[in-house]
Amino acid sequence: MKKVIAGVLSVAMVAAFAAGCTTPETDATGATDATGETVETDSTDATDDTEETTTAKQEMTIGTGAEVINLWSFTNEIPNMVNQYVTQNPAFGEKYTVQCTIIATDGGAYQQALDAALVAGGDTAPDMYAAEAAFILKYSQGDMAKFAATYESLGIDVDAKAAAAEIAPYTIDIGTRDGKIVALGYQATGGAMIYRASIAKEVFGTDDAAEIENIVGAGSGNWDKFWEAAATLKEKGYAVVSGAGDMWNVCEKSATQPWIVNGELNIAPEREAYLDIAKKLKDEGLSNDAAGWTEAWYADMAGTGAKGVFCFFGPAWLINYVMIGNCGGEAEGQGTYGDWRVCAPPVGFFWGGTWVLGRDGTAHAEGVAELIEWITLDTSETGLQYLWANDKMGNGAKDTVASGVVMAKSDGTLPFCGGQNIFPAFIAGNANASGKAMTQYDETINGYFTDAATQYAEGNLDRDGAIEAFKTNVSDNLSF
Amino acid sequence: MSDNTIKASSIKRNDIILKVVIYIVSIIFSIMTLFPFVMMFANAFKSTYEVQQSTLTLWSAHPFQNLAKNWQVINSKDFHPFVGFLNSFIVATCSTVLNVYFSCLTAYAIQAYEWKFRDAFNGMIMAIMMIPGTVTMIGFYQAVYKLGLVNKLSMLILPSIAAPMVVFFMRQYLQASLSMEIVQSARIDGAGEFRIFNQIVIPLMKPAIATQAIFAYVGSWNNLFMPLILLTDKNKKTLPVMISLLNGDIYRTEYGAIYLGLFVTVLPLIVVYAFLSKYIVEGVALGGVKS
Amino acid sequence: MRNKKLVNYAKYGYLFSIPFIVAFCLFTLYPVIYTFIIGFTDLKGAGNTEWHFLPTVGKNLFANFKDVLTSGTFQKAFKNTWIIWIFNFIPQIGFALLFTAWFTDRRSKVKGTGLFKILFYMPNIITAATLAILFNVLFGYPKGAFNDIFSGVAKVFGVTREAYNFNAHEWPVKIIIAFVQFFQWYGHTMVNLIAGVIGISPEIFEAAEIDGANRVQTFFKVTIPCIRQIMLFVLVTSLIGGLNMFDIPQLYIGTKANNAGLTTNMYIRNQAFGGSYLYNRAAAASVILFIIIVILSSILFYILRDRDEAKLKKLRKQELKAARKGL
């Protein structure tokens, strides 16, 4: 019995791995072993699968040049870009070899490996590396900032170019150390309010973005009108948001004071307000009480939750990579597809993003600068940001980018949003977002704070108790 | 006479009740056990969005289309299943063999010989076993980076020679089942100490070796954190490290592909386990003759 | 004669221990010493390699230790660890013993025990991350398998029941984590115990059978005493594993629910990687955890020590001494 199971499994495994082997390299080695005939049948069997596969497979060693640039990142996004650049500029590939290292962010592994590699230095140290919003501050302004080269020192005329490209100011704030830019992004993640047109029409009598902006108090910097709208929505049986967590990003990123000021914990009023927001949503039943990234949250995107949900707060990527897939349909009329619109939120914010840095003292400053400039500052139609915004990088999505110049000449018309051009709302979002109130401790502190808010909303702690618990956590774990 | 029959029949009835209880409890636990595997398997046939909408449903609208797509995702993301399998295989197999063999040897050294520092050595092993690994781990990988030994599979294999917990188990096992008379008689037959260990003691310890080998293999195969930090070269990555690449950004996690990857990772383990479990399953005494 | 032999063979004891010692010194010793030292320094901050002993910067040598021990978060983590461990260990050892008794019983003719033995270990080969996701989905809120079942049952009785947020409350979180730990490890414990039973000579059982012992008596009077060494192993390693518990609580809940699932090991990692990179405090906490484990394990060793063996050892030592004196 057991042997049979084991036998079946082994066969299944071998088959699975054999299927996985049908990449060109292994095919070639296989051909020397087997007779011509079997190889032939093999490859015809597998053509359907492998053809696409091989085109999609990216190389981790790009170019053939003598100078080796070590590139570290946590996804394949930037390696893909470098690949694109080398395709466009073969000369670069002849001069340099870009050696890509991708380490997942699981359990902080990417940061730990990157830190160890930067500290160890030497030939294999990263010359160019990526950091995402959750930890960029550590590399641009925090503990690890000493390893980052200023763009200027790499030979980029960054101030003039950033101004000319109209780079979103919050991305510059985040990437600036002592007045010098050390990191810039390609994506901009300024947020908008993404709402359901059908619910808007039923409850407010209009789905026009400008009128909805008026109703929720877009750009007012406070939530007063938003709560009025929420009450109206509740009367008609709708929830204004899926859960309190949806509003956290907005509260957090709209703050004007960071968590830590002069070595002391400081709770900005915009963030403190979240305690009351979470409590209000729960007590008054204004949301579906779903946490982000859970089944209930995704269900609200499909409109299958307990109550219909009026809006989500998020950047373009939330639409592209989360909402479109989870809306329960693929064309107008199915699920909530085509029913969504975007408008400016009551309070400006951003959410996520990736920044690119060069290592101070890299031996290949010129090559690193060339890549960084193309990724973060080039506004031409062959520049990365244009390709990124217009779905020419194989993302299957029109995403917002940091350069206002590029955004202005890109088209963000999306059938998912009923044919609305979503870019103007996000350009406004990029402009309104602030990156001045961030520290390297934010990810941890945010975790403690949102949990304190949940505890308060659930009634496990009173308001003072929640703040006390939060302060204890910060002082015990971060020593502030 | 009749008393006896009553007694016998009541024993029989008790037997049947016991059997029913055993089956019911065992079947409940079996279902519980199989549940995560079924879930992994079912989700391998789903699209990312299907997983997000409902992780526990067992069916998908387009199972085979999704499976093909998930496999494609796996292949597009710097994921070379065969390379990963080979690396995982090398690391897990070598470290298991070293782990188990040297643990037996060390345990035997403590159990069978009387030497001056024996108790001190034993105490030291126990103490090492009790060191929390969290922070020492940081020192370890920092040193590996400093010394430029990144991307060496041996850095994941050789440390398993010193596995205090396994030594502890082996020693406990030897205490219960090694009889020095066998060793003595082998010595009288003129066998060398090393040969006695290899040809008499090792076979004696088969059940212990099998269990600890399974644990060591599983531990090494599923180990994610250290390989994640120490293996940065795509040709050196193990299967779990490759799967971690599918996590990508917060907003672009390929859940269907992750489950397929997890399933592909767990299959070899099940095979290894099925082969080694012989020693756990067979109720025959493979152990020593100490009575 | 016998003593002389033992002395002669001593060199093999040294020889056979060399590989362990070498591997330990090469791979583990340095990080261990480093950790121990760091606990008395001011080392913190990512990428920082410069440190000073605390007295040289005008602080108490034990300041880090004091910080950890007086921290409410550490105390809570320590308490949580115990609660979760006990809730997981009692059913774990209970079921492991029960299954061992059932599956190694030579007299019962239960079919399929081989299959059950294999199956029950299987939860241990699934990664903690997968289990954490699975249980998060099961206990999801407001949509989740358990909430769906409960509201379904409530509906049958004509009551509307609001979904319960398991992961926002302390006790449900602790009990779920303890259950996942139990689920992951009971088979592992069972396999260890069964290996011990298989090592027992069949003659002992035959003798017990002939003496008319029933199955329960056989298990408690014969099997358990014979696997006492393995039981000691199971207890000590479970204690160590329990006090080092990390991945399930971390992946299932992290620091949420007001630290309901925070364990000492998670506390240590949060010190080291939480954002301030307090390596010194993390190291101090590790040393404290080490001392706690050593004390508790020593108590276990003392309680479960083999009294006969200890006596025998003493006797042998005296013999040896006498023999040496005689020489």
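How many bridges join β7(A) to strand β15 of chain A, and do the two strands run parallel or antiparallel? In this predicted model, three bridges join β7(A) to β15 (residues 354–358), and the two strands run antiparallel.

## The sheet of chain A

Both strands belong to an open sheet of six strands in chain A, ordered β1-β3-β2-β4-β15-β7, in which the pairing is mixed. The edges are taken by β1 (61–62) and β7 (183–185) of chain A, each of which has a single partner strand, so one side of each is left without a neighbour in the sheet. As general background, the strands of a sheet pair through backbone hydrogen bonds, in either the parallel or the antiparallel sense.

The register between β7(A) and β15(A) can be followed at individual residues: A:Ala183 stands opposite A:Leu357, while A:Gly185 has A:Trp355 as its bridge partner. Strand β4 (residues 128–132) of chain A also pairs with β15(A), in the antiparallel sense and over five bridges, and here A:Met128 stands opposite A:Gly358.

The strand β15(A) is mostly covered, with five of its five residues buried. On one side these are A:Thr354, A:Val356 and A:Gly358, and on the other A:Trp355 and A:Leu357, so that both faces of the strand are covered. The residues A:Trp355 and A:Leu357, which were named above as partners of A:Gly185 and A:Ala183, thus lie together on one of these two covered faces.

## Salt bridges within the chains

Over all chains, the structure holds 20 salt bridges, and three of the pairs are set out here.

| Pair | N to O distance | Accessibility class |
|---|---|---|
| A:Glu373 and A:Lys161 | 2.3 Å | both partly exposed, 23% and 32% |
| B:Glu193 and B:Arg187 | 2.7 Å | both buried |
| C:Asp105 and C:Arg215 | 3.1 Å | both partly exposed, 21% and 23% |

In chain A, the closest N and O atoms of A:Glu373 and A:Lys161 are 2.3 Å apart. Because A:Glu373 lies in helix α18 (residues 365–376) and A:Lys161 in helix α9 (residues 158–165) of chain A, the pair ties together parts that are 212 residues apart in sequence. A:Glu373 counts as partly exposed, because its relative accessibility is 23%, and A:Lys161 counts as partly exposed at 32%.

In chain C, the side chains of C:Asp105 and C:Arg215 meet at 3.1 Å, N to O. This pair, too, links distant parts of its chain, for C:Asp105 is in the loop between α3 (72–104) and α4 (113–121) of chain C, whereas C:Arg215 is in helix α9 (residues 215–226) of chain C, 110 residues away. Back in chain A, salt bridges that share partners join A:Glu272, A:Asp276 and A:Arg463 into one network.

## The domains of chain B

For chain B, the domain assignment gives domain 1 as residues 1–36 and domain 2 as residues 74–281. The centres of these two domains of chain B, taken over C-alpha atoms, are separated by 39 Å.

## Where chain A meets chain C

The size of an interface is often given as the accessible area lost when the parts come together. Chain A and chain C bury about 2,500 Å² between them, with 46% of this area on carbon and sulfur atoms, and 35 residues of chain A are in contact with 31 residues of chain C. Between chain A and chain C the count of salt bridges is zero, whereas 22 residue pairs, both members at pLDDT 80 or more, are in polar contact.

On the side of chain A that touches chain C, at least two residues each come from α6 (109–120), α16 (295–302), α22 (442–458) and α23 (463–478) of chain A. The most is given by α23(A), with seven residues.

On the chain C side, C:Ser71 offers a local view, since it touches A:Asp476 as well as C:Tyr267, residues up to four places away in sequence not being counted. C:Ser71 is found in the loop between α2 (63–70) and α3 of chain C, and it is buried, with a relative accessible area of 4%. The side chain of C:Ser71 also reaches the backbone nitrogen of C:Phe74, at 3.0 Å.

Methods:
Residues numbered from 1 in each chain as written. Chains lettered and ligands numbered in written order. Predicted model: local features only at pLDDT ≥ 70, side-chain atom pairs only at ≥ 80, totals over all residues. Heavy atoms only, no water. Pairing = 2+ DSSP bridges. Helix = DSSP H or I, 4+ residues; strand = E, 2+ residues; numbered from the N terminus. Salt bridge = Lys/Arg side-chain N within 4 Å of Asp/Glu carboxyl O. Buried < 20%, exposed > 50% of the residue type's maximum accessible area, 1.4 Å probe, protein only. Domains from an automatic or database assignment. Contact = heavy atoms within 4.5 Å. Buried area = accessible area lost by both parts, 1.4 Å probe. Polar contact = N/O pair within 3.5 Å; in protein donor to acceptor, adjacent residues only side chain to side chain.
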